[in-house]
Amino acid sequence: MLHGTFGYGRNHKDFIDLNKLGAIITKGTSLKPKQGNKPPRIAETSSGMMNCIGLENPGLEYFATVDLPFLKQYDTKIIVNCFGGQEGTIENYVEICRQLNNMDIDGVEINLSCPNVKAGCLAYGTTYEGVKEITSRCRKVLTSKPLIVKLTPNVTDITLPAKGAEDAGADAISLINTLTAMKIDIETRRPILSINTGGLSGPAIKPVAVRMVYQASHAVKIPVMGLRRNHDRRRCYRVYDGWSNLCVCRFK
Amino acid sequence: MAIQRDCQIVGKEKLIDGIYKISLKSKELAELSKPGNFLEIKVSDSLETFLRRPISIYNIDKENGVVEFIFQVKGKGTEILSERKVGEMLNVLGPLGNGTFSVKPYRRVAIIGGGIGIYPLHELAKNLKDSEINTYLGFRNKDLVTLEDEFEELSDKLVISTDDGSYKEKGFAIDFMKKDCSKEKFDRIYACGPLPMLRAVQAFAIENEIPAELSLEERMGCGIGACVGCAVLTKDSDGNQKYKYVCQHGPVFNAKEVII
């Protein structure tokens with residue numbers, strides 16, 4: 001279950017046996033609680049949806065004291081997706097990785113790909129140098145956990161950030177996050193989303209994701225996690241089989 | 001506790017142009033549902049309508065295991081829903097929303113609804129049997145008036161008003177509620193409807209120190225609090241602001257809590 005689609009698992013417990021999941025990647029988490037964007041945060045389109053949540057989350061302390069003990073009741077791996085908070089600084093990324101390194105979790109995914117926050121993420125995530133720098137600094141403090149770098153598709157050449165993550169010592173890369181998009185209300189002639197643009201997800205972006213997973217998996221030797229809905233899991237494995245290896249499924 | 005089920009459509013009725021009632025057979029759903037809850041309905045398997053449609057519950061019939069909802073055709077999703085037929089199955093997630101109407105036996109209550117916001121108030125009124133129920137329903141014009149008989153039966157007093165005066169009283173529902181409140185104060189106000197109406201109810205309730213419950217709506221994704229799409233700004237008693245989620249913490253909120 002992927003970051004951003006599954007919260008911290010609690011909301012889905014009526015519908016899914018969490019023990020049956022291989023791993024849960026939590027909602028993007030920052031050191032301090034972070035408020036997201038104003039509503040409306042969601043807009044539908046054919047075969048997909050746009051969101052501009054803005055990485056709202058209760059912060060690492062809340063995660064450690066409330067969500068982590070909840071998740072530990074289940075037989076599943078816990079991977080924490082993290083980012084640099086409101087300021088989005090590299091120092092914040094490093095600090096949260098340092099703290100996560102000492103927690104009872106199974107891995108860390110650093111989010112370099114959210115299109116809906118003002119600072120961080122895309123500032124580093126779109127170039128070879130940017131990804132390499134932040135990943136290597138997180139890698140230094142994250143000595144006892146696997147490090148995954150989540151990449152954005154909003155680039156011309158996905159192989160460059162992918163190589164940046166590999167060269168900095170990431171254990172794996174995951175892709176793709178959402179594509180920046182926009183929806184206009186024809187009545188008001190204004191964008192529907194509060195910050196005008198958002199990230200497009202869903203079947204609409206599948207061919208883009210497949211292309212990028214293909215390109216990235218030929219550019220790096222580390223595992224590439226192709227991110228999909230769990231709508232058609234067998235097809236998902238078939239699509240990616242033979243390229244890289246690992247595939248995580250996305251809940252809708 | 002919420003469930004995901006394929007429920008059979010056992011009834012469908014067109015109330016007025018563009019407004020439909022659908023009845024679903026599900027003993028479990030009927031057992032679990034409370035006044036104020038809503039359903040997330042998958043209108044079709046087509047990817048054209050990617051998200052489920054959140055629609056509030058209008059009527060719960062626990063005895064016969066039937067849950068009913070009423071909706072207005074507003075876009076693609078509700079149009080498809082209006083074309084579904086009796087006997088077909090509808091995939092439903094529900095009942096959703098942890099914030100539901102409180103149904104204690106208050107002595108004298110006001111129920112105020114506007115337009116398509118009146119529907120969840122029906123199940124509420126059914127559950128307030130021991131209270132004196134004063135209901136105020138507002139519509140734009142006479143062509144949009146629905147459920148008059150149903151609310152008449154459940155209410156001790158019913159005031160129907162239209163913005164243009166084309167049916168019954170002319171004016172806004174809240175003005176008639178205020179007038180009655182000045183004669184004898186209400187112990188609680190329940191409201192669902194357009195945002196300007198909810199804001200007016202909120203202001204009136206706070207000013208007159210009457211507890212009020214507002215049922216809100218927002219563009220919604222998952223319906224279970226995971227995607228945090230349907231945010232509404234709230235404040236606690238110390239004035240600290242925080243987003244809560246209509247699907248998870250609502251859809252019914254204390255009027256003092258929300259900033260709308």
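This report describes a predicted model, taking in turn the interface between chains A and B, selected elements of chain A, and the sheets of chain B.

## Interface between the chains

In this predicted model, the two chains meet through 24 residues of chain A, which are in contact with 20 residues of chain B. On the side of chain A that touches chain B, strand E2 (42-45) and strand E3 (48-51) of chain A each supply at least two residues. By class, the residues on that side of chain A comprise eleven polar, nine nonpolar and four charged.

## Strands E5, E6 and E7 of chain A

Strand E6 (residues 147-150) of chain A pairs in the parallel sense with strand E5 (residues 107-111) of chain A over four bridges, and E6(A) also pairs in the parallel sense with strand E7 (residues 172-175) of chain A, here over three bridges. In the pairing with E5(A), A:Val108 has A:Leu147 of E6(A) as its bridge partner, while in the pairing with E7(A) the bridge partner of A:Ile148 is A:Ala172.

The side chains of E6(A) point in two directions, with A:Leu147 and A:Val149 one way and A:Ile148 and A:Lys150 the other way, and all are buried. The charged residue A:Lys150 is thus listed among the buried residues of this strand.

## Helices H5 and H6 of chain A

Helix H5 (residues 159-167) and helix H6 (residues 206-219) of chain A have axes that come within 9 Å and cross at roughly 45 degrees, which makes H5(A) oblique to H6(A). The crossing of these two helices is right-handed.

From H5(A), the residues A:Thr159, A:Ala162 and A:Lys163 meet A:Gln215, A:Ala216 and A:Ala219 in H6(A). This contact of H5(A) with H6(A) is made up, by class, of three nonpolar, two polar and one charged residues. For the spacing of such residues along a helix, it is relevant that an α-helix has 3.6 residues a turn, so residues three or four places apart point the same way.

## The barrel of chain B and helix H3

In chain B, six strands close into a barrel in the order E1-E2-E5-E4-E3-E6, with antiparallel pairing, and the twist averages 45 degrees from one strand to the next. Within this barrel, strand E4 (residues 53-61) and strand E5 (residues 66-72) of chain B pair in the antiparallel sense over four bridges, where B:Asn59 has B:Glu68 in E5(B) as its bridge partner. Helix H3(B) packs on the sheet and touches E4 and E5 of chain B, its direction making about 30 degrees with that of E4(B).

Helix H3 (residues 119-126) of chain B is largely enclosed by the rest of the structure, because seven of its eight residues are buried. The buried residues of H3(B) are B:Tyr119, B:Pro120, B:Leu121, B:His122, B:Glu123, B:Leu124 and B:Ala125.

## The open sheet and a hairpin of chain B

Chain B also has an open sheet of seven strands, in the order E10-E9-E8-E7-E11-E12-E15, with mixed pairing. Its edge strands are strand E10 (169-170) and strand E15 (252-254) of chain B, each of which pairs on one side only. Strand E9 (residues 157-162) of chain B pairs with E10(B) in the parallel sense over two bridges, and B:Thr162 stands opposite B:Lys170 in E10(B).

Strand E13 (residues 231-235) and strand E14 (residues 241-245) of chain B pair in the antiparallel sense over five bridges, with B:Leu233 opposite B:Tyr243 in E14(B). The hairpin of E13(B) and E14(B) has five residues between the strands, and in this hairpin B:Gly239 takes a positive phi near 90 degrees.

Notes. Residues are numbered from 1 along each chain as its sequence is written. Chains are lettered from A and ligands numbered from 1 in the order in which they are written. This is a predicted model: local features need pLDDT of at least 70, side-chain atom pairs count only at pLDDT 80 or more; totals for chains, interfaces and linings use all residues. Two residues are in contact if their C-beta atoms, placed from the backbone, lie within 7 Å. Axes are lines fitted to C-alpha atoms, for helices over the stretch in contact, and angles run from 0 to 180 degrees between N-to-C directions. Angles under 35 degrees count as roughly parallel, over 145 as roughly antiparallel, 65 to 115 as roughly perpendicular and the rest as oblique. A crossing is left-handed if the near helix is turned anticlockwise from the far one by less than a right angle, and right-handed if clockwise. Two strands pair if DSSP finds at least two bridges between them. A residue is buried if 20 or more other C-beta atoms lie within 10 Å of its own, exposed if 12 or fewer, and partly exposed in between; C-beta atoms are placed from the backbone.
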